[in-house]
Amino acid sequence: MDIDPDEVFRDDDDPENEFYQERDATKEMLVYLVDASPKMLSTTCPSDDQKDVSHFEIAVCSIAQSLKTQIINRSYDEVAICFFNTREKKNLQDLNGVYVFNVPEREDLDRPTARLIKEFDRIEESFDKQIGSKYGILPGTRDNSLYNALWAAQAILRKGSAKTADKRILLFTNEDDPFGNMKGVTKMDMMRTTLQRAKDAQDLGISIELLPLSRPDDDFNMSIFYAELLGLEGNDLAEFKALVGERFEDMKDQLRKRIFRKRKVRRINFIIAGGISIELNTYALVRPTNPGAITWLDSVTNLPLKADRSFFCSDTGALLQEPPKLFQTYKNENIMFSANELSEIKRVSTGHLRLLGFKPLSCLKDYHNLRPSTFVFPSDEEVIGSTCIFIALHRSMLRLKRFAVAFYGSSTHPQLVALVAQDEIVSASGQIEPPGMHMIYLPYSDDIRPVEELHTDTNPMAPRATEDQIKSASSLVKRVDLKNFSVCQFANPALQRHYAVLQALALDEDEMPDTKDETLPDEEGLARPGIVKALEEFKLSVYGENFEQENDSMDNEKTSEASKKRKAIAENATKEYANYDWLDLADNGKLKELTVVELKYYLSRHNLPVTGKKEALISRILTHMGK
């Protein structure tokens, strides 16, 4: 097989997409654990539309919305839905009071499907009949439904390794004292065994999170039991209470957009000097969002198709079992290459990060940032002591106001990068920005192009803004400036509609989900008196007092010119109309011999529409004649 030099030495992947092509090293495995006790079904609170809904309905609605957005946000994550305090039981361990909800042809822990979402949306209609609600912790019995639920969830999460998956249990309940009906030694024993079950799950790398549901007049008391189960105390407990409402709103109001979670993307070695090498984890922070790739499906089974390529001999037509040989002609001789040799030829670097030196932060300009930066953080998983060395380097760079210049490159795109240290930012509600370094990709010399001058004319009489105009423009900009702006505040409306259409098709929904266009101007905000005043002052300073009157006169002139043009066309059509015997042309079928311009004479004469193709014009004329 002949080698095309451009094909051999081209970049196999676009460096802009390196975080897409190598999927996150970890995915999330999540079990929704929903309390189905009678208290969850009877306790009501007002919703956004002022209707009273039960805590159970709130939990189910939030999970359903999360499942719909998960297919877009985190399509490779796996979920399971488990109810506890139920009348019926359905789980692998045959534990009382635990019901694992699922649909056919799907494992208990798997990626969400359209059928799962559709049937879970209707769970409230069939819940009493198929599953039922019952207190699972009653006096005189040893049944402990919360213990059983944690056990069942832990068993579901046995799938996969804790090193390659983030495993979580998300618990919904409005009962802050699950053992309130018990007394004495029995209650203490149940609490102890349940806490031990939770600790066993956490030791296996499973994190347990709680979304407590409270009524407006009855706060959820974490201190009774759940604070100890989650290991919260002091400031951590206060921060948890402050963030509960925000987390719950996030679950209900998730947007249809790709979310790149702050998970480890890849691990790299940072070679410093003298053989010293530390280990770093890299994280993708901001990436552009694009619609998902097209997946081709089999027309019969509806399963994804897998592309398979085979090579056949052009002479015999036989299937080639061995990979084809590659060659390049050089001086009338074919030089053979193996796949491994080509790989070595194209390998420019080993992919490590190598420190070259340090420069003052003033040398780093805004336009040096070619694309979104990568956040790096140390790891002691394989190289012990990486964190200590990284902290020493980090503190020195902050103190001396320096950034590090390093060589970093994949096999196809080696380049220089700047490592900029970021200090930790903490507020009363917790950590805002973590300590670490941003790896900024520096440009090559040909990546920086001179800015073209806006005014190429060197005429000194070019208009310049006056001091008054500059002052009024500055005042207007300050008025409409967005406070604490972030790119995450606005969603792409085209992508929102794209995913809404996909959702409607997948779930056979009759109505299209509403999509809110957050990029439209804020008419209410722009109508504030301060902004209106600043806008009027700007218009007055730039265009003068008679600007609107001049515009009106110009509009009137344009209108009069258009009317004159239409009148001239009508007069010409009337004049030309008289030159034809239209009835004779229609009776003998000779209208089709006329040109479009000639047909329009008749239509303009009788004030009929003149748009459309020739056949449409002829049909319109015949209809008007009654033929």
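**Strand S4 and its neighbours**

I began with the pairing of strand S4 and strand S5 (residues 98-101) in this predicted model. The two run antiparallel and are joined by 4 bridges. For one concrete pair I looked up Cys82, and its bridge partner in S5 is Val100.

Next I turned to strand S1 (residues 27-35), which pairs with S4 in the parallel sense over 7 bridges. Here I noted Asp35, whose bridge partner in S4 is Phe84.

How many residues of S4 (residues 78-84) are buried? I found 7 of its 7, so I wrote the strand down as mostly covered. In a regular strand, side chains alternate between the two faces of the sheet. I therefore listed S4 by side, with a cut-off of under 20% relative accessible area for buried. Glu78, Ala80, Cys82 and Phe84 are buried on one side, and Val79, Ile81 and Phe83 are buried on the other.

**Nonpolar cores**

I then went through the largest nonpolar core, which has 40 residues. Leu33, Leu210, Met222, Phe225, Tyr226 and Leu229 touch the most other members. Which helix gives the most to this core? My note says helix H7 (residues 145-156), with 6 residues.

I picked Phe225 for a closer look and left out residues up to four places away in sequence. Phe225 touches Leu146, Asp176, Pro178, Phe179, Met191, Thr194 and Leu195.

A second, separate core holds 31 residues. Among them I saw Val79, Val103, Leu116 and Ile123. Val79 was already in my notes as one of the buried residues of S4.

**The barrel**

Further along I traced a barrel that 7 strands close. I wrote down the order as S8-S9-S13-S18-S15-S14-S12, with mixed pairing. On average, neighbouring strands of this sheet are turned by 40° against each other, direction ignored.

Within the barrel I checked strand S14 (residues 402-409) against strand S15 (residues 414-422). They pair in the antiparallel sense over 6 bridges, and I marked Gln415 in S15 as the bridge partner of Tyr408.

What does helix H12 (residues 386-400) touch as it packs on the sheet? I ticked off strand S8 (264-271), strand S9 (277-284), strand S12 (353-360), strand S13 (374-378), S14, S15 and strand S18 (436-441). The direction of H12 makes about 70° with that of S18.

**Towards the C-terminal part**

I looked up the UniProt record, an unreviewed entry, and it lists residues 591-625 as "domain: SAP". In the model this stretch is 63% helix and 0% strand. The end C-alpha atoms of the stretch are 13 Å apart.

I chose Arg605 as a spot check; this residue is found in helix H19 (residues 596-605). Is Arg605 buried, exposed or partly exposed? I noted partly exposed, because its relative accessible area is 38%, and the partly exposed class lies between 20% and 50%.

Not counting residues up to four places away in sequence, Arg605 touches Thr574 and Tyr577. I also looked at Ala570, which is 35 residues from Arg605 in sequence and 6.9 Å away in space, C-alpha to C-alpha.

**Whole-chain tally**

I closed the page with totals. The protein chain has 20 helices and 18 strands, and buried residues make up 34% of its 627 residues. Of the contacts with a separation of 6 or more, 67% come from residues 24 or more positions apart. The chain exposes about 39800 Å², and carbon and sulfur atoms supply 52% of that.

Notes:
Residues are numbered from 1 along each chain as its sequence is written. This is a predicted model: local features need pLDDT of at least 70, side-chain atom pairs count only at pLDDT 80 or more; totals for chains, interfaces and linings use all residues. Side-chain values use heavy atoms; hydrogens and water are left out. UniProt positions are given in the numbering used here, feature names are shortened, and annotations may be inferred rather than shown by experiment. A nonpolar core is a set of buried Ala, Val, Leu, Ile, Met, Phe, Trp, Tyr and Cys residues joined through side-chain atoms within 4.5 Å. Buried means under 20% relative accessible area, exposed over 50%, partly exposed in between (1.4 Å probe, protein chains only). Contact means heavy atoms within 4.5 Å. Two strands pair if DSSP finds at least two bridges between them. Axes are lines fitted to C-alpha atoms, for helices over the stretch in contact, and angles run from 0 to 180 degrees between N-to-C directions. Accessible areas come from the Shrake-Rupley method with a 1.4 Å probe; for residues, only the protein chains shown count as cover.
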